[in-house]
Amino acid sequence: MYTGFKHLHSTIALVLLIVFAVVLVIHIIGYMTSADYSKGHRVSSLIGLIAAHLQLLVGLGLYFMSPLGISNLSGETMKDSMGRLYALEHPLIGIIAIALITVGYSRAKRAAASRQKYATITVFYALGLVLILSRIPWQTWALIN
Ligand code: HEM
Ligand code: HEM
């Protein structure tokens with residue numbers, strides 16, 4: 001179960017990074033060309049939201065299964081940068097990033113003007129992505145090492 005969740009979390013991470021890159025590029029182009037906000041744009045931002053929410057759910061599960069998650073939270077762990085990254089920084093910043101992405105998605109859904117939709121998705125998704133990128137355990141990510 002733990003191994004399965006770990007593989008799933010790692011695979012969704014890769015999908016999420018690719019989807020977010022695509023969503024950002026097409027929303028920035030849409031903003032710059034002042035094109036009408038299309039169904040394709042809406043669906044792309046929805047796929048990004050679903051990838052982020054799925055990752056949150058799997059990540060939360062993993063947090064309670066992994067030896068690097070809640071079971072490793074202690075004062076000693078805080079002195080070790082890798083331990084602190086897994087047990088605290090990665091999950092906490094990940095949750096904040098996904099909350100920002102959700103706020104962006106729902107604000108864009110309510111916005112009336114196309115340009116406002118493009119701008120809202122671009123700003124919130126980019127902020128979320130930067131936060132996520134800043135706290136991925138790059139040195140130990142099995143999929144890319
Ligand atoms: C810990 C688990 C989760 C939490 C806390 C959560 C939270 C939320 C919240 C607060 C919204 C409202 C956004 C809005 O205002 O429109 C939302 C919407 C949504 N979530 Fe999640 N979610 C979770 C897991 C999932 C999962 C596992 C999926 C799908 C695989 C998912 C798919 C969606 C979709 C499709 C929407 C609505 C998009 C729309 O309004 O068109 N979520 N979620
Ligand atoms: C925001 C999006 C997120 C991304 C892109 C992401 C990505 C990753 C990646 C790439 C790894 C390394 C996997 C490996 O080495 O095979 C990882 C590990 C981990 N993540 Fe996330 N994560 C996210 C959110 C979360 C959240 C919200 C939580 C918990 C609440 C979480 C909990 C964990 C845990 C506990 C591990 C360590 C698993 C282990 O090696 O035992 N992640 N994550």
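Which residues make the nonpolar surface patch? In this predicted model, the patch is built from L60, F64, I70, L73, L88, L92, I95 and I96, and its area comes to about 690 Å². Two helices, α2 (39-65) and α4 (81-110), each put in at least two of these residues. Helix α4 has the largest share, with four residues of the patch. I96, one of the patch members, sits in helix α4. With a relative accessible area of 41%, I96 is partly exposed, and that value clears the cut-off of over 30% that a patch residue needs.

Stepping back to the overall fold, the protein has five helices and zero strands. Read along the sequence, that gives the pattern α-α-α-α-α. The C-alpha trace spans about 50 × 25 × 25 Å along its principal axes. As for burial, 37% of the 145 residues count as buried.

Now for the iron. The iron atom of ligand 1 picks up a single donor from the protein, namely ND1 of H53, at 2.1 Å. H53 belongs to helix α2, a helix that also supplies at least two residues of the nonpolar patch. G40 is found in helix α2 too. The relative accessible area of G40 is 45%, so this glycine is partly exposed. Between the C-alpha atoms of G40 and H9 there are 26 Å of space, for a separation of 31 residues along the chain.

A rather different picture comes from L131 and I93. These two are 38 residues apart in sequence, yet their C-alpha atoms are 6.5 Å apart in space. L131 lies in helix α5, which covers residues 114-134. At 26% relative accessibility, L131 is partly exposed.

The loop between α1 (2-33) and α2 holds S34, and its backbone is worth a look. Most residues other than glycine have a negative phi. S34 goes the other way, with a positive phi near 55°. S34 has a relative accessible area of 45%, so it falls in the partly exposed class.

On to the charged side chains. Side chains of opposite charge can pair when their charged atoms come close. Searching the whole structure turns up three salt bridges. One of them joins K79 to E76, with 3.0 Å between the closest N and O atoms. Both K79 and E76 are exposed. Another salt bridge brings together E89 and R84, at 3.0 Å from N to O. Here the partners are partly exposed: E89 has a relative accessible area of 22%, and R84 has 27%. E89 also meets R135 in a salt bridge, at 3.4 Å from N to O. That pair ties together distant parts of the chain, since R135 is in the segment after α5 and E89 is in helix α4, 46 residues apart. Through shared partners, the salt bridges join R84, E89 and R135 into one network. R135 is partly exposed as well, at 30% relative accessibility.

The aromatic side chains bring contacts of their own. A pair of aromatic rings is described by the distance of the centres and the angle of the planes. The count comes to four aromatic pairs. In the case of W138 and W141, the ring centres are 5.8 Å apart and the planes meet at 55°, so the pair is tilted. For that label the angle has to fall between 30 and 60 degrees. The two tryptophans fall into separate burial classes: W138 is partly exposed at 33% relative accessibility, whereas W141 is buried at 9%.

Positive charges also sit over aromatic rings. R115 lies over the face of Y31, at 4.1 Å from the ring centre. K117 does likewise over the face of Y37, at 5.7 Å from the ring centre.

Terms used
Residues numbered from 1 in each chain as written. Chains lettered and ligands numbered in written order. Predicted model: local features only at pLDDT ≥ 70, side-chain atom pairs only at ≥ 80, totals over all residues. Heavy atoms only, no water. Patch = residues over 30% accessible without salt bridge, like charges linked within 9 Å, V, L, I, M, F, W, Y side chains within 5 Å. Areas by Shrake-Rupley, 256 points an atom, 1.4 Å probe, with all protein chains shown as cover. Salt bridge = Lys/Arg side-chain N within 4 Å of Asp/Glu carboxyl O. Buried < 20%, exposed > 50% of the residue type's maximum accessible area, 1.4 Å probe, protein only. Phe/Tyr/Trp six-rings, centres within 6.5 Å; stacked < 30°, edge-to-face > 60°. Lys NZ or Arg CZ within 6 Å of the ring centre and 35° of its normal. Donors = N, O, S within 2.8 Å, 3.2 Å for Na, K, Ca; no water.
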